Amino acid sequence: MKLTFAKILFLATLLFALCYDLSAQVDGGGGPLVTIDFEPVCDDGTTAFHILQFVVGESAPNSLGYVDGEGNAYTPTGTPEAGACAGTVAAAPDYTMAVTALCDSGTPFYRVAVFTDNTLTPTATADYELDLSTAYTPAGTVYDGPCFTSATATITRVVATGAGSVPAGTASYSICNEGTADASVTIGGGSATTLIPGSCISFAATVDPVSRQRRIAPAVTYDATGTELSILYEQ
């Protein structure tokens, strides 16, 4: 396969321009979940290439359409037969593949795109459910994934004048001393902290972008004897 400078430049630009979802392309062992193959076919004397998408664990490939030897989209005029036409050389075009996570009004899906020429416009695309094999048809508004849906939070408010605790696993909390004396607050297994009148402490869950781990709050204990704590937490 011969790569010209223009093709190398195009591939480099494409890597920056497209957003890849690596979890869709790489399995736990480091191999690709999705591969593309160009199978030569003979269509009424014209050699074309059938774009086939293979998914690990699936026995049958998915068809992404046809291209000619230059990588342009091709529409068969007859019934393509396997193998190149007699007297022709079957040289598949260069290509780049992208698997992108998208969201359809709250429903996640993947879009597989194959690029076979020096443009940022895909020659062939296909949408699939999260198994990357079952065809999917968007029915709503499509935007870049991952999907986010709405859910009503359960928020608890406590006015404390004695000892108590906020359970572990909360998504967020705030504790404010609205009285006139100091309060004591202990977070997790740490040391007790003094919460003076008029001050607050708070927490909100975060997501580690590398491990994709959501970090929630440990248990919090407090002692509001002699004062008043206003506590809000979300579970």
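**Questions on a predicted model**

Modeller: In this predicted model, the side chains of Asp208 and Arg215 form a polar contact at 2.7 Å.

Colleague: Where is Asp208 found?

Modeller: Two strands frame the position of Asp208: E16, residues 206-207, and E17, residues 214-215. Asp208 belongs to the loop between strand E16 and strand E17.

Colleague: Is Asp208 buried or exposed, and why?

Modeller: The cut-off for buried is under 20% relative accessible area. Asp208 has a relative accessibility of 16%, so Asp208 counts as buried.

Colleague: Which residues does Asp208 touch, not counting those up to four places away in sequence?

Modeller: One of them has been named already, through its side-chain polar contact with Asp208: Arg215. With residues up to four places away not counted, Asp208 touches Arg215 and Gln213.

Colleague: What is the order of the strands in the open sheet of 5 strands?

Modeller: The pairing in this open sheet is antiparallel. One of its pairs is E3, residues 62-67, with E4, joined by 2 bridges. The order of the 5 strands is E4-E3-E2-E1-E5.

Colleague: Why is one side of strand E4 and of strand E5 left without a neighbour in the sheet?

Modeller: Strand E4 covers 73-74 and strand E5 covers 81-82. One side of each lacks a neighbour because each stands at an edge of the sheet, with a single partner strand.

Colleague: Which residue in E4 is the bridge partner of Tyr66?

Modeller: E3 and E4 run antiparallel and are joined by 2 bridges. The partner of Tyr66 in E4 is Tyr74.

Colleague: Is Asp44 buried or exposed, and why?

Modeller: Asp44 lies in the loop between strand E1 (34-43) and strand E2 (46-55). Its phi is near 50 degrees, a positive value in a residue other than glycine. The cut-off for exposed is over 50% relative accessible area. Asp44 has 61%, so Asp44 is exposed.

Colleague: What is phi of Leu132 near?

Modeller: Leu132 sits in the loop between strand E8 (124-128) and strand E9 (142-144). Leu132 counts as buried, at 4% relative accessibility. Phi of Leu132 is positive, in a residue other than glycine, and is near 60 degrees.

Colleague: What distance separates the C-alpha atoms of Tyr173 and Ser202?

Modeller: Tyr173 is part of strand E12, residues 172-177, and counts as buried at 6% relative accessibility. Outside its neighbours within four places in sequence, Tyr173 has contacts including Ile187, Ser202 and Tyr233. Tyr173 and Ser202 are 29 residues apart along the chain, and their C-alpha atoms are separated by 5.4 Å.

Definitions and conventions: Residues are numbered from 1 along each chain as its sequence is written. This is a predicted model: local features need pLDDT of at least 70, side-chain atom pairs count only at pLDDT 80 or more; totals for chains, interfaces and linings use all residues. Side-chain values use heavy atoms; hydrogens and water are left out. Two strands pair if DSSP finds at least two bridges between them. Helices (H or I, at least four residues) and strands (E, at least two) are DSSP runs, numbered from the N terminus. Buried means under 20% relative accessible area, exposed over 50%, partly exposed in between (1.4 Å probe, protein chains only). A polar contact is a pair of N or O atoms within 3.5 Å; within protein, one must be able to donate a hydrogen and the other to accept it, and residues adjacent in sequence count only if both atoms are side-chain atoms. Contact means heavy atoms within 4.5 Å.
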